[in-house]
Amino acid sequence: MSKGSLGRVALLADGVREGTRDMSKATTEATEKEASSQAVRSFTARAYAAGSATAALAPVTIRRRAPGPRDVQIEILYCGVCHSDLHQVRNEWQNAMPTEYPCVPGHEIVGRVVKAGSAVKTIKEGDLAAVGCMVDSCRTCAHCREGLEQYCETLPTFTYNFPDKHLGGVTYGGYSESIVVDEAFVLRVTDKLNPAGVAPLLCAGITTYSPLRHWNVDKGQKVGVVGLGGLGHMGVKFASAFGADVVLFTSSPTKIADGLRLGAHEVVVSRNEAEMQKHAASFDFILDTVSAQHDMNAYLELLKRDGTLTLLGAPEKPATLGVFSLLFKRRRLAGSAIGGIRETQEMLDFCAERGITAEIELIRIQQINDAYERLLKSDVKYRFVIDMASMD
Ligand code: NAP
Ligand code: ZN
Ligand code: ZN
């Protein structure tokens, strides 16, 4: 289903209007038929949503489909707060992925399985389970077959703000008490780690783990991580777990001690030109996790010959590239998006084995709007996680 064919969103909102979308008459009839048969097989769940790009998030009631044979119904215990949630809620990606309102964000989900369909094999009622940024994909294109669903030819079904094949309208994310997801997109979680600290692994974790693995970051390599937020702190943890010599670049001098504690061997305050200069042409690999517009050329200059700068951050405004930084040392500029389901499970298993979790600040869902304001000030240590028990 394309975004243009979005159906009518049946959202039972307190304070958020019911959304209506344009579509042809014929499609409307078909979708309404589908929606009314689905309506019987759905249930309501409490959630938090934004009603517009400028509205605060507020309580709503949404519909979730009743689990089918291959579905898993999860009672959400914790959901991490990714900067992408904020970009999306405020429609900052309107050129690439415009936001449909009401928007229920959240794609770092850990919860307890309360129902598993009759065909579900890998997980059962009572198990801990996790859901990340995707809830489905075409499963047939070359990328999906390779386990790289994040690069699906027709785009994966993202956990929120993407056409919902089952109920119509758009998908709703993890700022909610419940979610229903096809088994193929549900991850298994160890019960040996703090589940609140596991939640951010589902986006911040996999998004940093995947490029570090893809570019074979290993012992003896000099690796930079730019920005100590949700992604950045996981990047530091993974790069140091892989044995690299890690340098953190931060714009916040107050984060120096934490950077070292989290595994960086050195911390550079990026606004200090002399400190930056000391590292010129010395890095094998740099991960840039900054959420706002900044000068990426300064980091290209720090790569040695054939080094790679991989962009993970997705600021609203386009970046400017000085090509000479690339030409003179055959440097590479790359990007990377989350990770596939198989690799996400591998990352979760790696974390279980090594005892790796995110550093979190647990919040009540009523604090979500303040948490967004703090994200904008880089005041995050180092991931906000919503305790869903606070939903009332
Ligand atoms: P976050 O927790 O808010 O961290 C971002 C960090 O960037 C801040 O803590 C800050 O670190 C640094 N920063 C912010 N503004 C800056 C500025 N003006 N100049 C220099 N540094 C600045 O965000 P996040 O959740 O880690 O997400 C980071 C970005 O990655 C977002 O744009 C998000 O949408 C994107 N993302 C991409 C993917 C993907 O698949 N590629 C997945 C998830 C998220 P310091 O205080 O240390 O400087
Ligand atoms: Zn995310
Ligand atoms: Zn595909």
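Start by selecting β13 (283–288) and β14 (303–311): these two strands pair in the parallel sense over five bridges. Strands are DSSP runs of E with at least two residues, helices are runs of H or I with at least four, and both are numbered from the N terminus. Two strands count as paired if DSSP finds at least two bridges between them. To see one of the matches, pick Asp288, whose bridge partner in β14 is Leu311.

Before you go on, a word on what is loaded: this is a predicted model, where local features need pLDDT of at least 70 and side-chain atom pairs count only at pLDDT 80 or more, while totals for chains, interfaces and linings use all residues. Residues are numbered from 1 along each chain as its sequence is written, chains are lettered from A and ligands numbered from 1 in the order in which they are written, and side-chain values use heavy atoms, with hydrogens and water left out.

**The sheet around β13**

Now look to the other partner of β13. Four bridges join β10 (222–226) to β13, and the two run parallel. Click on Val223 and you'll find Phe285 as its bridge partner in β13. How much of β13 is covered? Mostly: five of its six residues are buried. Buried means under 20% relative accessible area, exposed means over 50%, and partly exposed is in between, using a 1.4 Å probe and protein chains only.

Widen the selection to take in the whole sheet. It's an open one of six strands in the order β12-β11-β10-β13-β14-β15, with parallel pairing. The edge strands are β12 (266–269) and β15 (332–335), each pairing on one side only. Neighbouring strands here are turned by 20 degrees against each other on average, direction ignored. Out at β15, the pairing with β14 is parallel over four bridges, and Leu309 stands opposite Leu333.

Next, add helix α5 (204–214). It lies across β10, β13 and β14, running at about 160 degrees to β13. For that angle, axes are lines fitted to C-alpha atoms (for helices over the stretch in contact), and angles run from 0 to 180 degrees between N-to-C directions. Contact means heavy atoms within 4.5 Å.

**Helix α11**

Select residues 341–354 for α11. With 14 residues at 1.5 Å each, this helix should span 20 Å, and its end C-alpha atoms are indeed 20 Å apart. (The expected span is 1.5 Å times one less than the number of residues.) Its buried residues include Ile341, Met347, Leu348 and Phe350. What covers the buried residues of α11? Among the elements that do so are α5 again, α4 and α6 (230–241), along with β6 (134–136) and β9 (187–188). Right after the helix comes Gly355, with a positive phi near 70 degrees.

**The zinc ion**

Jump to ligand 2. This zinc ion is coordinated by Cys82 (SG), His107 (NE2) and Cys203 (SG), at 2.0 to 2.2 Å. Donors are N, O and S atoms within 2.8 Å of the metal (3.2 Å for Na, K and Ca), and water is not among the atoms, so sites may look incomplete. Along the chain, the donors follow the spacing C-x24-H-x95-C. Cys82 sits in the loop between β3 (71–80) and α2 (83–89), and Cys203 in the loop between α4 (195–198) and α5, so this pair ties together parts that are 121 residues apart in sequence. Are these two cysteines buried or exposed? Cys82 is buried at 4% relative accessibility, and Cys203 is buried at 5%.

**Salt bridges and Thr157**

The whole structure holds 17 salt bridges; each is a side-chain nitrogen of Lys or Arg within 4 Å of a carboxyl oxygen of Asp or Glu. Try Asp71 and Arg65 first: their side chains meet at 2.9 Å, N to O, and both residues are buried.

Then select Asp136, Arg139, Lys165 and Asp182, which are linked in a network of salt bridges. Within this group, the closest N and O atoms of Asp136 and Arg139 are 2.8 Å apart. Asp136 is buried at 12% relative accessibility, whereas Arg139 is partly exposed at 37%.

Keep Asp136 and Lys165 on screen and add Thr157, which touches both of them, as well as others including Cys133, Phe162 and Thr171. Thr157 lies in strand β7 (residues 157–158) and is buried, at 7% relative accessibility.

Last stop: Arg374 and Glu361, a salt bridge at 2.9 Å between the closest N and O atoms. Arg374 belongs to helix α12 (residues 368–376) and Glu361 to strand β16 (residues 360–364), so the bridge ties together parts 13 residues apart in sequence.

How values were computed. Lists of a residue's contacts leave out its neighbours within four places in sequence.
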